[in-house]
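Here is a short briefing to read alongside the model. Take a moment to look over the fold, and then we can walk through it together.

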Amino acid sequence: MQETATVKHPLNLEGVVIGKVVDFDPASDQLYPFNFTASNTELSPEVLADTAVFSDWITGQMAKANARYGIGGYDEHRTIYARSSHFDAGEEPRRLHLGVDIWGPAGTKVYNFYKAEVHSFKFNDHYGDYGATIILKYDINGRVFYALYGHLSLSSIADLKVGQKIAKGAAFATFGIPEENGHWPPHLHFQLIFNLFSARGDYPGVCPFSQKAVFLLNSPDPSAILKHTFKAALI
Ligand SMILES: [Zn+2]
């Protein structure tokens, strides 16, 4: 990314009612915080190499915690991307995660948290990539920004049109199965982006650690939005 990616204005959500992104009842549902850094020694290369085994590990962790979803990943330095050469193309591998992942069953509905329009969408069909992806454009209190929804089902993008309005509260997408989501255990990658540059239907969800500062400036912490879904459970 260019140095001009600097962002002068943060999100301005003052006085705005933000809706949910997934179904969650803070009174009865639990969240399991995943750790995908090197400190998690349970995640051996053998687990990561096989999507079915990795999925079983994810599901098992959540079941043990009696959690409806797993969550985490913003500003996390991850080792799991070593499973795919997709993240090793440059001189420095990309390992710093720029969104929040919500881990849950394929078919989980994704809701729009505020009125938006479809900026772009794409099937990023590489091993380890986003699979089906939607980018929605928001204008809240005069501040334009984007949300990238990655690892979706192909049906989520089947009838979509660029410029299409998506109402607040609309269930506009679902979590994809591995064959449609870039070969990951089912989850949603949710990332906020101020400047997309020329990106369409795709934008880096992980960056080289050395470029962390500029990328995090362009992708603020999604908990500003997700705290309205998960309430105190997230904090
Ligand atoms: Zn992610």
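Let's start just past a helix: Asn 66 follows H2 and has a positive phi, near 55°. Please keep in mind that this is a predicted model. From Asn 66 we can step back into H2, then out to the sheet and the whole chain.

**Helix H2**

- Helix H2 covers residues 51–64 and packs on the sheet, where it touches E1, E2 and strand E5 (100–103).
- The direction of H2 makes about 105° with that of E2.
- The length of H2 fits expectation: at 1.5 Å a residue its 14 residues should span 20 Å, and the end C-alpha atoms are indeed 20 Å apart.

**The two faces of H2**

- Which residues of H2 are buried? They are Phe 54, Ser 55, Ile 58 and Met 62.
- These buried residues lie on the same side of H2, because they cover an arc of only 100° around the axis.
- A general point helps here: an α-helix has 3.6 residues a turn, so residues three or four places apart point the same way.
- The cover over the buried residues of H2 includes helix H1 (45–49), along with E1, E2 and E5.
- On the face turned away from the buried side of H2, you will find the exposed residues Ala 52, Gly 60, Ala 63 and Lys 64.

**The sheet**

- The sheet is open, has 8 strands and shows mixed pairing, with the order E1-E2-E5-E12-E9-E8-E7-E10.
- Its edge strands are E1 (31–33) and E10 (165–166), each of which pairs on one side only.
- Strands E1 and E2 (residues 69–72) run parallel and are joined by 3 bridges.
- If you would like a place to look along this pair, Pro 33 has Ile 71 in E2 as its bridge partner.

**The whole chain**

- The protein chain holds 5 helices and 13 strands.
- Its C-alpha trace spans about 45 × 45 × 35 Å along the principal axes.
- How does the radius of gyration compare with that of a compact globule, and what are the two values? For 235 residues a compact globule would have a value near 18 Å, and the protein chain has 17 Å, which agrees.
- Buried residues account for 40% of the 235 residues in the protein chain.
- Of the contacts between residues at least 6 apart in sequence, 77% join residues at least 24 apart.

Conventions: Residues are numbered from 1 along each chain as its sequence is written. This is a predicted model: local features need pLDDT of at least 70, side-chain atom pairs count only at pLDDT 80 or more; totals for chains, interfaces and linings use all residues. Two strands pair if DSSP finds at least two bridges between them. Helices (H or I, at least four residues) and strands (E, at least two) are DSSP runs, numbered from the N terminus. Two residues are in contact if their C-beta atoms, placed from the backbone, lie within 7 Å. Axes are lines fitted to C-alpha atoms, for helices over the stretch in contact, and angles run from 0 to 180 degrees between N-to-C directions. The expected span of a helix is 1.5 Å times one less than its number of residues. A residue is buried if 20 or more other C-beta atoms lie within 10 Å of its own, exposed if 12 or fewer, and partly exposed in between; C-beta atoms are placed from the backbone. The arc is that of the directions from the helix axis to the C-beta atoms. The radius of gyration is taken over C-alpha atoms; the globule rule is 2.2 Å times the number of residues to the power 0.38.
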